[in-house]
Each structure stands twice: as C-alpha cells, then as structure tokens.
Amino acid sequence: MSRIIVITSGKGGVGKTTITANLGSAIAYLGYKIALIDADFGLRNLDLLLGLEQRVVYTAIDVLEGNCSIEKALVKDKHQPNLMLLPAAQNRTKEAINPEQMQQLVEQLKMQFDYILIDSPAGIEMGFRNAIAPADEAIIITTPEMAAVRDADRVIGLLESEEIKKIQLIVNRVRPQMIELNQMLSIEDLREILVIDLLGIVPDDERIIISTNRGEPLILEENPSLPAMAFNNIARRLAGETIPFLDLRAAHDNLITRIRRRFFGS
C-alpha cells in the first residue's frame, strides 16, 4: 500500500511544484516506486519541471471519462524508471473533477507504488479540496515570509479538520545571511508559529531556477549542490532515516573554501 502525501501551502509561488518534482526524483533515486499526481487542473506545470511535456498523451480526466486506462495516462520519467507522472488536463478547470473522483484515481494507483505525491494547486478552494481528499499525510511548503507562514498556518488547520494527522514542514528559499541579520524569519521562528515537525530546509539557489527551466531535477546533477543534498536528505527522512539537518551557512562556507583550494590553492 502506498503512502499518499499531499504537498500544499495555501499561498502560491512558494515552490510546491519544484519541491514535488525534486522530492519525487529523490525518492525514486532511493529505489522506491513513486507516482506524482498533478492536481492543478487548468494550469499543468509538473510535466515541465520533469521535462516530460512532450510525452503527455492522456491525462487524469481521460482516465475518469473512460478514454484510456490509468496505465496509459501515466508518463514514465526519462531518467528514473521508478518515477511516473499522472498529468492534469490543461483544457479543464478545477471544477472538472471532484474529491470522490480524485480518490478513485488514487485507489487505482495504491497497489502499484510505494509513494504517491499529490501536487496541490494554490488556494484553499476546490482544487485544494480535491488534492487533500485521498491523502493520509501532508507536507506544508512555506518560505520565511509572514504572508506565506500565515497561509500555511491556515492550511494546517484545514488539514487537521479533515483528520490528516501527519503534517510535516519544508521551509523553502532560506537565506542564512538574511536570517543572521534578522531580515528573514528563522527556522526556529517558523517552528514556533506552525508547531509541526520539520522535514527539511531548502536553500535559496539560482540553480533551482536553472534546473526548472531545463526540466531536469537537481538530484540528477553529477556534482550535487546544496539544494540537491537537501532534497536527498528530505527523501531519506521521509523514508524513516534519521538525518541531521544541513547547517546551510557552514555548508556554503565549506563549499566556497573547497572551490578556492581547487582553483587558487591553499
């Protein structure tokens, strides 16, 4: 039976889809079978971040309308055979599917995969209701900004009211230098406000934007970056390993030191 996890936030623009793509790839890299479901009907983007946009033939709506089997709609990742994507339909609105139908889709996948990650759309309306309907667990994505944190807190309350008890936090786009200067909320501040378990911390890094535009998740890099290390650590924690959190400032300083030694000597 799968672990069915919705990835959500409330606020748009905090990196849910980027984290879904990279975390899914990291989980597949560990050897688990994983399906990613794009629940953002009308605004499909998960296929782009995985570089699979040219491979989409059928969507979740085609499955529900009986135009194809769910096996035909699933798109196999180019790099990792353990990773599959169930795309959303771009030519339909969020009202084209209801929570019961989302549960039907997940029921058809549960026996085939170890993990099912559902990429929830922004907001707390119908798209959100669809995405959380089949979920047993939730991962909240926030950035260290008050607007994002307030929306995350609201979503946590909604998830708890739907009896989703296992809710974990990923803090995205963290800048250690700004935290030190009290220009950004610290991880401790966020944990105190949201009162849920911390699953991971992802640093702000331009390589995330580059990989997104290329449709190649960061964990595929030959020389892992700090964000790639963060995604791998999150996947391992999700799988039950005890992995210490990266000291982003120290890791960044160590990386700069290694670069200087390599190119300029000691």
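This short presentation covers two enclosed helices, the nonpolar cores, and one buried serine in a predicted model.

Let me begin with helix α1, which covers residues 16–29. From its first C-alpha to its last, this helix of 14 residues reaches 20 Å, close to the 20 Å expected at 1.5 Å a residue. Helix α1 is largely enclosed by the rest of the structure, because 12 of its 14 residues are buried. Among them are Lys 16, Thr 18, Thr 20, Asn 22 and Ser 25, along with Ile 19, Leu 23 and Ile 27. Just after the helix, Gly 31 adopts a positive phi of about 105°.

I turn next to helix α11, residues 226–238. Its 13 residues reach 18 Å between the first and last C-alpha, close to the 18 Å expected at 1.5 Å a residue. Of these 13 residues, 11 are buried, so α11 too is largely enclosed by the rest of the structure. The buried set includes Leu 226, Phe 231, Ile 234 and Leu 238, and also Asn 232, Asn 233 and Arg 237. Just after α11 comes Gly 240, with a positive phi of about 110°.

Now to the nonpolar cores. Which residues have the most contacts inside the largest one? They are Leu 86, Leu 109, Ile 116, Ile 118, Ile 140 and Leu 159, in a core of 52 residues. Helix α7, residues 146–161, supplies the largest share of this core, with 6 residues. Leu 159 deserves a word of its own. Not counting residues up to four places away in sequence, Leu 159 touches Thr 8, Phe 128, Ile 132, Ala 138, Ile 140, Ile 164 and Ile 167. Apart from this core lies another, of 36 residues, and Val 14, Leu 23, Leu 117 and Leu 238 are among its members. Two of those names have already appeared: Leu 23 is a buried residue of α1, and Leu 238 is a buried residue of α11.

I close with Ser 211, which sits in helix α10, residues 206–214. Is this serine buried or exposed? Its relative accessible area is 7%, under the 20% cut-off, and Ser 211 is therefore buried. What lies 3.0 Å from a polar atom of its side chain? The partner is the backbone oxygen of Ile 208. Leaving aside neighbours within four places in sequence, Ser 211 is in contact with Glu 216 and Leu 218.

Definitions and conventions. Residues are numbered from 1 along each chain as its sequence is written. This is a predicted model: local features need pLDDT of at least 70, side-chain atom pairs count only at pLDDT 80 or more; totals for chains, interfaces and linings use all residues. Side-chain values use heavy atoms; hydrogens and water are left out. Helices (H or I, at least four residues) and strands (E, at least two) are DSSP runs, numbered from the N terminus. Buried means under 20% relative accessible area, exposed over 50%, partly exposed in between (1.4 Å probe, protein chains only). A polar contact is a pair of N or O atoms within 3.5 Å; within protein, one must be able to donate a hydrogen and the other to accept it, and residues adjacent in sequence count only if both atoms are side-chain atoms. Contact means heavy atoms within 4.5 Å. The expected span of a helix is 1.5 Å times one less than its number of residues. A nonpolar core is a set of buried Ala, Val, Leu, Ile, Met, Phe, Trp, Tyr and Cys residues joined through side-chain atoms within 4.5 Å.
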